Amino acid sequence: MSDNTIMFYFTTRVGPEKRQIPFPASPSLDFVDVIEEVCKKFGVSMQTLSLATPTGLVLTNTDLMESVSKVADKYGFAFEIIDQGVVGGN
C-alpha cells in the first residue's frame, strides 16, 4: 500500500510566540483524526479548538469530518490553531 502523504502545517500563537508543527497525513484519513493528534501535540482541547486558514477562513465541524485529501483540496495545507478557551478567557 503506497499512499501519498500530505504534509500539513499547524501554527499557534500566544502573544509574540509562534509555534509550528508539520504533520504528515494519509489522504484517506478523516481530517478529525489528524486534528485530534495535533491537539495532543499543542496541548489544546478539541472542544475549544477552531482552525483557520492563513486568509482567515474558519473550518466548520463539517469540514473536520471530511477526508484529509478533501480538506487539502479545499483549504490548502496551512492552518492556524485558535484555542477559544484562551481567547474567550480574557
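Among contacts in this chain between residues at least 6 apart in sequence, 55% join residues at least 24 apart. The model under discussion is a predicted one. For a chain of 90 residues, a compact globule would have a radius of gyration near 12 Å, and the value of 13 Å found here agrees with that expectation. The C-alpha trace spans about 45 × 25 × 25 Å along its principal axes. Of the 90 residues, 37% count as buried. The accessible surface of the chain comes to about 5700 Å², and carbon and sulfur atoms account for 53% of it.

The next topic is the secondary structure. The chain has four helices and four strands. Read from the N terminus on, these elements follow the order β-β-α-β-α-α-β-α.

The pairing of the strands may be traced from strand β1, which covers residues 6–14. Strand β2, residues 17–25, is joined to β1 by nine bridges, and the two strands run antiparallel. Together β1 and β2 form a hairpin with two residues between them. One residue of this turn, Gly-15, has a positive phi of about 60°. Beside the turn, Val-14 stands opposite Glu-17 in β2.

Strand β1 also pairs with strand β4, residues 78–83. Here three bridges join the strands, which run parallel. Two residue pairs help the reader to locate this pairing in the structure. Tyr-9 has Ala-78 in β4 as its bridge partner, and Thr-11 stands opposite Glu-80 in β4.

Strand β4 has a further pairing, with strand β3, residues 49–52. These two strands pair in the antiparallel sense over four bridges. Leu-49 and its bridge partner in β4, Asp-83, illustrate the arrangement. Thus β4 pairs with β1 in the parallel sense and with β3 in the antiparallel sense.

Attention may now turn to the loop between α3 and β4, where Gly-76 is found. Is Gly-76 buried or exposed? Gly-76 has a relative accessible area of 19%, and because buried means under 20%, this residue counts as buried. Leaving aside its neighbours within four places in sequence, Gly-76 is in contact with Phe-8 and Val-71. Gly-76 and Pro-54 are 22 residues apart in sequence, and their C-alpha atoms are 9.5 Å apart in space.

The charged side chains supply another set of features. How many salt bridges does a search of the whole structure find? The search finds three.

One of the salt bridges joins the side chains of Lys-40 and Glu-37, with a distance of 3.3 Å from N to O. Both residues lie in helix α1, residues 31–42, and they are three residues apart, about one turn of the helix. Lys-40 counts as exposed because its relative accessibility is 62%, whereas Glu-37, at 35%, counts as partly exposed.

Another salt bridge is formed by the side chains of Asp-63 and Lys-74, at 3.5 Å from N to O. This pair links distant parts of the chain: Asp-63 lies in helix α2, residues 61–64, and Lys-74 in helix α3, residues 68–75, with their positions 11 residues apart in the numbering. The partners differ in their exposure. Asp-63 is buried, since its relative accessible area is 7%, while Lys-74 is exposed, with a relative accessible area of 57%.

A salt bridge also brings together the side chains of Lys-70 and Glu-66, at 3.8 Å from N to O. Glu-66 counts as partly exposed because its relative accessibility is 28%.

The last feature concerns the nonpolar part of the surface. Which residues make a nonpolar surface patch of about 270 Å²? The patch is made by Met-7, Tyr-9 and Phe-77. Met-7 lies in strand β1, and its relative accessibility of 32% explains why it counts as partly exposed. Residues of such a patch must have over 30% relative accessible area, so the 32% of Met-7 satisfies this requirement. Tyr-9, another member of the patch, is the residue whose bridge partner in β4 is Ala-78.

Notes. Residues are numbered from 1 along each chain as its sequence is written. This is a predicted model: local features need pLDDT of at least 70, side-chain atom pairs count only at pLDDT 80 or more; totals for chains, interfaces and linings use all residues. Side-chain values use heavy atoms; hydrogens and water are left out. Patches are made of residues with over 30% relative accessible area and no salt bridge: like charges are joined within 9 Å, nonpolar side chains (Val, Leu, Ile, Met, Phe, Trp, Tyr) within 5 Å. Accessible areas come from the Shrake-Rupley method with a 1.4 Å probe; for residues, only the protein chains shown count as cover. A salt bridge is a side-chain nitrogen of Lys or Arg within 4 Å of a carboxyl oxygen of Asp or Glu. Buried means under 20% relative accessible area, exposed over 50%, partly exposed in between (1.4 Å probe, protein chains only). The radius of gyration is taken over C-alpha atoms; the globule rule is 2.2 Å times the number of residues to the power 0.38. Contact means heavy atoms within 4.5 Å. Two strands pair if DSSP finds at least two bridges between them.
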